[in-house]
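Subject: The structure you asked about

Hi,

Here is the structure I promised to pass on. Have a look at it first, and then read on for what turned up.

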Amino acid sequence: MRSGELDLVLFRDGEIVFCEVKARRSERYGAAAEAVDRRKQLKIRSLAVQWLQANDLRGRVRFDVATVTGVEVDVIEGAF
């Protein structure tokens, strides 16, 4: 997309899931999920609308955040 990028778009259990992925080597400077602040959330929502329109899709939508810290992976479903 011209105005940004979506990390992952998935179809799961009848929902269209937009998943933002954040990675950190450690939590020394804060948790990876903290990087998905309100401004970033609004940007992802805007990109999701563009993606849905471009692909002529409608349905239930969910926004997740996947964090990778070192070798640990966590997924926050319905993060925002």
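Leaving aside neighbours within four places in sequence, D64 is in contact with V17, F18, C19, E20, V75, I76, E77, G78 and A79. Please keep in mind that this is a predicted model. D64 sits in strand 3, and its relative accessible area is 3%, so D64 counts as buried, the cut-off being under 20%. What does the side chain of D64 have within reach at 2.8 Å? A polar atom of that side chain lies 2.8 Å from the backbone nitrogen of G78.

Now for the overall layout. The protein has one helix and four strands, and from the N terminus on the order of these elements is β-β-α-β-β. The C-alpha trace spans about 40 × 30 × 15 Å along its principal axes. Of the 80 residues, 30% count as buried. The protein exposes about 5,700 Å², and 48% of that area is supplied by carbon and sulfur atoms. If you look at contacts between residues at least 6 apart in sequence, 57% of them join residues at least 24 apart.

The strand that holds D64 also has a pairing partner worth a look. Strand 3 covers residues 60-69 and strand 4 covers residues 72-76; the two pair in the antiparallel sense over five bridges. Within this pairing, V65 stands opposite I76 of strand 4. The hairpin that these strands form has two residues between them, and G70 takes a positive phi near 65° there.

D74 is another residue of strand 4. Is D74 buried, exposed or partly exposed? D74 counts as partly exposed because its relative accessibility is 36%, which falls between the 20% and 50% cut-offs. Apart from neighbours within four places in sequence, D74 is in contact with V65, A66 and T67. D74 and V21 are 53 residues apart in sequence, while their C-alpha atoms are 9.9 Å apart in space.

Moving to strand 2, you will find K22 there. You might have a lysine down as an outside residue, so here is the value: K22 has 17% relative accessibility and therefore counts as buried, being under 20%. Which residues does K22 touch, leaving aside neighbours within four places in sequence? They are A32, A35, V36, K40, A66, T67 and V68. The side chain of K22 also makes a polar contact of 3.4 Å with the side chain of E20.

Helix 1 runs over residues 38-54, and Q41 is placed in it. With a relative accessible area of 15%, Q41 is buried. Not counting residues up to four places away in sequence, Q41 touches V36 and F80. The C-alpha atoms of Q41 and F63 are separated by 8.9 Å, with their positions 22 residues apart along the chain.

On the surface, L8, L10 and V21 make a nonpolar patch of about 200 Å². L8 belongs to strand 1, residues 8-12, and at 37% relative accessibility L8 counts as partly exposed.

Finally, two aspartates in loops have a backbone feature in common. Where are they, and what is their phi? D13 is in the loop between strand 1 and strand 2, and its phi is near 50°, a positive value in a residue other than glycine. D56 is found in the loop between helix 1 and strand 3, and D56 has a positive phi of about 50° although it is not a glycine. D13 is exposed, with a relative accessible area of 66%, and D56 is exposed too, at 60%.

If you open the model to follow along, D64 and its contact with the backbone nitrogen of G78 would be a good place to begin. After that you could go on to K22 and E20, and then to the patch made by L8, L10 and V21.

Best wishes

Note on methods. Residues numbered from 1 in each chain as written. Predicted model: local features only at pLDDT ≥ 70, side-chain atom pairs only at ≥ 80, totals over all residues. Heavy atoms only, no water. Pairing = 2+ DSSP bridges. Patch = residues over 30% accessible without salt bridge, like charges linked within 9 Å, V, L, I, M, F, W, Y side chains within 5 Å. Areas by Shrake-Rupley, 256 points an atom, 1.4 Å probe, with all protein chains shown as cover. Salt bridge = Lys/Arg side-chain N within 4 Å of Asp/Glu carboxyl O. Buried < 20%, exposed > 50% of the residue type's maximum accessible area, 1.4 Å probe, protein only. Contact = heavy atoms within 4.5 Å. Polar contact = N/O pair within 3.5 Å; in protein donor to acceptor, adjacent residues only side chain to side chain.
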